[in-house]
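Open your viewer, get comfortable, and have the selection box ready. We will go from stop to stop, and at each one I will tell you what to pick.

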Amino acid sequence: MSASLAYFDAYRRARLPANLTQAQRDALGLDERWDRFYAQKGVRFYKDRHWLRRELLELMPPAVRDDPMRWCAPLASDGTGVAVDVVPATNELARMTVGLEAGCGCGSAAFPLLRANGDVFVLATDFSAEAIRLLKSRDEYENQLSSSTRRIHAWVSDVAAPPGDARWAAVEALADALGGLHFVTFVFVLSALEAAQMVAAVRRAARLLRPGGLLFFRDYGAGDLAQRRLDDRGQTDGAGTYERGEGTLARYFSLEEVGDLFPAALFDRVELRHVERDITNRARQGGTRERHAQLQRLRSRPFSTRFG
């Protein structure tokens with residue numbers, strides 16, 4: 001952790017769990033901080049993001065496009081498969097729409113998409129081993145492993161890892177064989193990374209996507225209520241990065257920052273806008289408008305060098 005964050009040490013020490021000092025927290029990598037987070041919060045902390053179907057209509061069958069929030073049955077087993085949990089072969093994905101969910105957590109975005117479209121396959125990754133363990137413990141994950149058609153493969157990796165990282169080799173080879181992935185999602189992911197890691201993650205997405213492939217980004221927006229609370233508590237390095245109470249990072253993007261993060265040399269912008277919502281504080285009997293997130297949809301441009 002940057003030395004600039006030592007400024008908050010005295011403030012946060014009083015709010016830390018008894019078994020974790022600030023010095024211990026600063027020694028943890030971001031992946032270890034998220035491991036602790038998921039170990040404490042569990043698989044149900046983040047609710048399934050059914051709204052994602054509404055934002056990714058081009059990935060949905062006609063019935064779901066007409067009613068994106070309709071109920072979709074959980075993944076079930078047909079009892080005919082063999083539970084081999086490895087990166088799928090190219091022929092296994094024939095006629096499938098294949099995408100990457102980067103920073104997948106416990107699958108709160110992946111499973112709503114998979115339930116809605118039986119022709120989607122998701123490669124799901126997170127740098128938190130605990131998040132991946134929890135995702136794989138879900139009944140739906142186990143069900144699809146024992147079915148004739150697998151739907152998701154999850155593994156531990158860092159989307160911001162440098163090119164050539166061994167944990168990405170099989171997925172990059174698969175993407176190359178497919179001519180690129182159809183889509184990549186960054187849903188409340190990049191804000192959890194340091195600035196240089198954000199750039200590296202975006203470049204990996206560009207290499208993985210096929211020309212014209214969809215990148216969907218949604219993350220925290222500047223002016224969010226949570227940002228103002230963190231400002232009031234002094235939990236920022238002064239350069240736009242915040243540290244939450246449990247030690248995970250957050251960033252609150254302006255539209256300009258989002259535009260700069262996805263350069264025109266790599267992507268054609270389809271849409272970039274704020275998502276805002278009114279929330280009511282029942283204790284105070286009042287409502288406030290929260291600028292909750294940025295929403296961006298892009299199409300990949302041809303990438304000059306894919307892998308290697």
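Here is the tour, beginning with the whole chain and then going to single residues.

**Stop 1: the whole chain**

Keep in mind that this is a predicted model. Show the chain as a cartoon and you will see its secondary structure, which comes to 12 helices and 9 strands. The protein chain has 308 residues, and 50% of them are buried. How far apart in sequence are the residues that touch? Among contacts between residues at least 6 apart, 74% join residues at least 24 apart.

**Stop 2: helices α3 and α7**

Select residues 30-41 for helix α3 and residues 129-137 for helix α7. Two packed helices are described by the angle between their axes and the distance between the axes. Here the axes come within 7 Å and cross at roughly 40°. Now show the side chains at the contact: Asp-35, Tyr-38 and Ala-39 come from α3, while Ala-129, Glu-130, Ala-131 and Leu-134 come from α7. Sorted by class, this contact of α3 with α7 has 5 nonpolar and 2 charged residues, and no polar ones.

**Stop 3: helices α9 and α10**

Next, pick helix α9, residues 169-178, and helix α10, residues 195-208. Their axes are 9 Å apart and the packing angle is about 40°. Is α9 parallel or oblique to α10? That angle makes α9 oblique to α10. On the α9 side the contact uses Val-171, Glu-172 and Ala-175, and on the α10 side Arg-204, Arg-207 and Leu-208. By class, the contact of α9 with α10 has 3 nonpolar and 3 charged residues, with no polar residue.

Stay with Arg-204 and add Trp-168 to your selection. Arg-204 lies over the face of Trp-168, at 4.7 Å from the ring centre. Then add Pro-162, found in the loop between β3 (152-156) and α9. Pro-162 counts as exposed because its relative accessibility is 56%. Although Pro-162 and Arg-204 are 42 residues apart along the chain, their C-alpha atoms are separated by 8.7 Å.

**Stop 4: a chain of rings**

Colour the aromatic residues, as the structure holds 6 aromatic pairs. For one of them, zoom in on Phe-188 and Tyr-220: the ring centres are 4.9 Å apart and the planes are at 50°, a tilted pair. Phe-188 lies in the loop between β4 (181-187) and α10, and Tyr-220 in strand β5 (residues 209-220), so this pair ties together parts that are 32 residues apart in sequence. Is Phe-188 buried or exposed? With a relative accessibility of 16%, Phe-188 counts as buried. Tyr-220 is buried too, at 18%.

Now add Tyr-252. The rings of Tyr-220 and Tyr-252 have their centres 5.6 Å apart and their planes at 50°, so that pair is tilted. Tyr-252 sits in the loop between β7 (249-251) and α12 (255-261), so its pairing with Tyr-220 in strand β5 also joins parts 32 residues apart in sequence. Tyr-252 is buried, as Tyr-220 is.

Before leaving, look at the backbone of Phe-188: its phi is positive, about 50°, although Phe-188 is not a glycine.

**Stop 5: more rings, and a buried glutamine**

Select Phe-217, Phe-253, Phe-262 and Phe-267, which form one aromatic cluster. Then find Gln-294 in strand β9 (residues 286-300). Gln-294 counts as buried because its relative accessibility is 0%. Which residues does Gln-294 touch, leaving out those up to four places away in sequence? The list includes Phe-217 and Phe-253 from the cluster, as well as Arg-218, Tyr-220 and Arg-273. The C-alpha atoms of Gln-294 and Arg-273 are separated by 5.9 Å, with their positions 21 residues apart along the chain.

From there, follow Arg-218 to another ring. Arg-218 lies over the face of Trp-51, at 4.3 Å from the ring centre.

**Stop 6: out in a loop**

Finish at Arg-95, in the loop between α5 (62-66) and β1 (97-102). Arg-95 counts as exposed because its relative accessibility is 78%. Its phi is near 65°, a positive value in a residue other than glycine.

Notes. Residues are numbered from 1 along each chain as its sequence is written. This is a predicted model: local features need pLDDT of at least 70, side-chain atom pairs count only at pLDDT 80 or more; totals for chains, interfaces and linings use all residues. Side-chain values use heavy atoms; hydrogens and water are left out. Axes are lines fitted to C-alpha atoms, for helices over the stretch in contact, and angles run from 0 to 180 degrees between N-to-C directions. Helices (H or I, at least four residues) and strands (E, at least two) are DSSP runs, numbered from the N terminus. Angles under 35 degrees count as roughly parallel, over 145 as roughly antiparallel, 65 to 115 as roughly perpendicular and the rest as oblique. Contact means heavy atoms within 4.5 Å. Ala, Val, Leu, Ile, Met, Phe, Trp, Tyr, Cys and Pro count as nonpolar, Asp, Glu, Lys and Arg as charged, and the others, Gly among them, as polar. Rings of Phe, Tyr and Trp (its six-membered ring) pair if their centres lie within 6.5 Å; planes under 30 degrees apart count as stacked, over 60 as edge-to-face and the rest as tilted. Buried means under 20% relative accessible area, exposed over 50%, partly exposed in between (1.4 Å probe, protein chains only). A charge sits over a ring if NZ of Lys or CZ of Arg is within 6 Å of the ring centre and within 35 degrees of the ring normal.
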